[in-house]
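Here are my notes from a pass through this one, jotted down in the order I'd look at things. Have the viewer open while you read.

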Amino acid sequence: MTPPRILPLLLSLTLSTLAQAATHQVTVNAGDHDRDQTIVSFPIPADVTDGAWQLTDGTSVTSMQVHNGQGWFILRNLKAGQSHTYRIEPIANSPATVDVSRDGGVVHVRVGGKELFDYQGAKVPPPAGVQPVYERGGYIHPILTPTGTQVDDDYPLNHKHHHGIWSVWTKTEFEGRHPDFWNMGDKTGTSEPRGFKDLFSGPVCGGFHAEHQMIDLSAKPPKPAINEQWDVIAFRAGEGDKPYYVFDIIVHHQCASESPLKLPEYLYGGMGFRGASDWNGEGKYTFLTDDGKDVKTGNGTRCRWCFTGGLVNGKPAGITIFCGTDSFRYPQPVRLNPKEPFFCYAPPAMGEFAITPSQPYYARYRFMVADGMADKALIERIATDYESPPTVKVN
């Protein structure tokens with residue numbers, strides 16, 4: 001128990017820290033684009049500690065959140081060429097609009113009290129009739145729209161190794177062997193979850209850090225080849241007449257030993273998405289890329305974003321996946337499957353490369369989940385915010 005004489009000192013120090021933070025001003029400049037419901041991120045001074053804050057201009061208040069030295073807020077209605085200045089102020093109480101919690105090996109992510117997705121941080125038993133070799137964890141499923149429509153699938157019987165959102169390599173060379181971490185039925189490779197941590201929630205965003213390991217099963221004994229890290233963050237964005245959800249995944253792949261992983265040219269492998277079971281079958285789903293290509297014309301092309309969608313229980317819904325500008329081989333080429341709702345950002349399609357101890361792999365992606373079919377104007381607005389965000393200056 002803290003001695004009574006210490007409490008006034010602690011209170012004084014806390015108030016002093018908050019007062020110092022309140023002297024900071026944040027000026028955001030829209031740049032060349034109109035901004036509306038734009039996710040803004042910027043480095044924050046060390047005296048503005050992790051947690052909820054607020055930005056005020058004297059007449060309005062905007063929620064701000066700090067996590068690991070980064071400030072986050074949602075910018076609304078700032079026209080191109082304009083700027084706006086706020087003061088950072090403490091806030092007494094701010095509910096966690098984006099709530100991230102764990103239940104055993106599962107991470108639940110909710111926005112505004114509604115489920116957005118679960119991260120399966122432990123191995124998920126396959127359905128009856130599916131061989132145990134296909135058992136996998138370390139992926140996102142289910143994924144829901146604001147009205148609760150599920151847009152993804154897990155363990156589909158025609159491709160039992162597909163799982164919501166997941167990330168592994170297919171055609172590889174490792175120490176002279178050729179493990180396939182994607183097609184688990186071959187029993188040459190697999191990917192296993194290795195834990196998650198740093199869960200956080202707040203009024204603007206919430207997320208977690210997850211780790212996976214790609215293991216060469218053709219080695220005797222099996223040998224880890226790649227350590228994978230995901231940093232996942234979901235946002236309170238997309239409110240209004242056409243609500244939508246937004247979340248990011250930042251991917252790091254590092255060699256698990258001194259041995260490199262070689263990736264020959266191949267049509268898929270990387271960040272994958274498996275669409276809803278209602279979309280199974282030709283003509284039941286739609287792909288649309290940023291340059292207007294579809295399932296017939298877009299496979300193997302490079303694109304900034306791609307929409308995948310269709311009807312689920314008679315209601316239209318879909319997901320758009322954006323490739324971050326600093327991702328390896330941006331904009332990455334895509335695999336658009338002509339017979340089933342499978343999408344993949346596949347950098348090996350551009351030619352061979354290698355992940356080495358001195359050259360790790362990095363990519364980042366943004367995901368927008370929404371009811372309805374592709375709204376290209378909205379998608380482009382989100383793409384612009386992701387590619388060319390507003391600039392921020394802190395005084």
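1. Start with two phenylalanines: Phe 117 and Phe 247 are both buried. This is a predicted model, by the way, so read everything below in that light. The two rings sit with their centres 4.8 Å apart and their planes at 50°, so the pair is tilted. In sequence the partners are 130 residues apart, with Phe 117 in strand β9 (residues 114-120) and Phe 247 in strand β15 (residues 244-255), and the contact links distant parts of the chain.

2. Strand β9 has another ring worth a click. Tyr 119 pairs with Phe 208, again tilted, at 5.1 Å centre to centre and 40° between the planes. Here Tyr 119 in β9 meets Phe 208 in strand β13 (residues 205-216), and the two are 89 residues apart, another link between distant parts of the chain. Tyr 119 is buried, and Phe 208 is too.

3. How many aromatic pairs are there altogether? The count comes to 22. If you like groups rather than pairs, colour Trp 166, Trp 182, Tyr 266, Tyr 268 and Phe 342, which form one aromatic cluster.

4. Trp 166 from that cluster also belongs to strand β11 (residues 165-168), which is covered on both faces. On one side Ile 165 and Ser 167 are buried, and on the other Trp 166 and Val 168 are buried as well. That two-sided split fits the general pattern: side chains in a regular strand alternate between the two faces of the sheet.

5. What does β11 pair with, and in which direction? Its partner is strand β17 (residues 270-274); the two run antiparallel and are joined by four bridges. To find the register, look for Ile 165, which stands opposite Phe 273 in β17.

6. Now the cysteines, in case you are setting up bonds. A search of the whole structure turns up zero disulfides. Take Cys 303: the nearest cysteine sulfur belongs to Cys 306 and is 5.2 Å away, and Cys 303 is in no disulfide. The cut-off for a disulfide is 2.5 Å between the sulfur atoms, so a gap of 5.2 Å does not qualify. Cys 303 is buried, with a relative accessible area of 1%.

7. Cys 323 is in no disulfide either; the nearest cysteine sulfur, that of Cys 303, is 8.0 Å away. Buried or exposed? Cys 323 counts as buried, because its relative accessibility is 1% and the limit for buried is under 20%.

Definitions and conventions: Residues are numbered from 1 along each chain as its sequence is written. This is a predicted model: local features need pLDDT of at least 70, side-chain atom pairs count only at pLDDT 80 or more; totals for chains, interfaces and linings use all residues. Side-chain values use heavy atoms; hydrogens and water are left out. Buried means under 20% relative accessible area, exposed over 50%, partly exposed in between (1.4 Å probe, protein chains only). Rings of Phe, Tyr and Trp (its six-membered ring) pair if their centres lie within 6.5 Å; planes under 30 degrees apart count as stacked, over 60 as edge-to-face and the rest as tilted. Two strands pair if DSSP finds at least two bridges between them.
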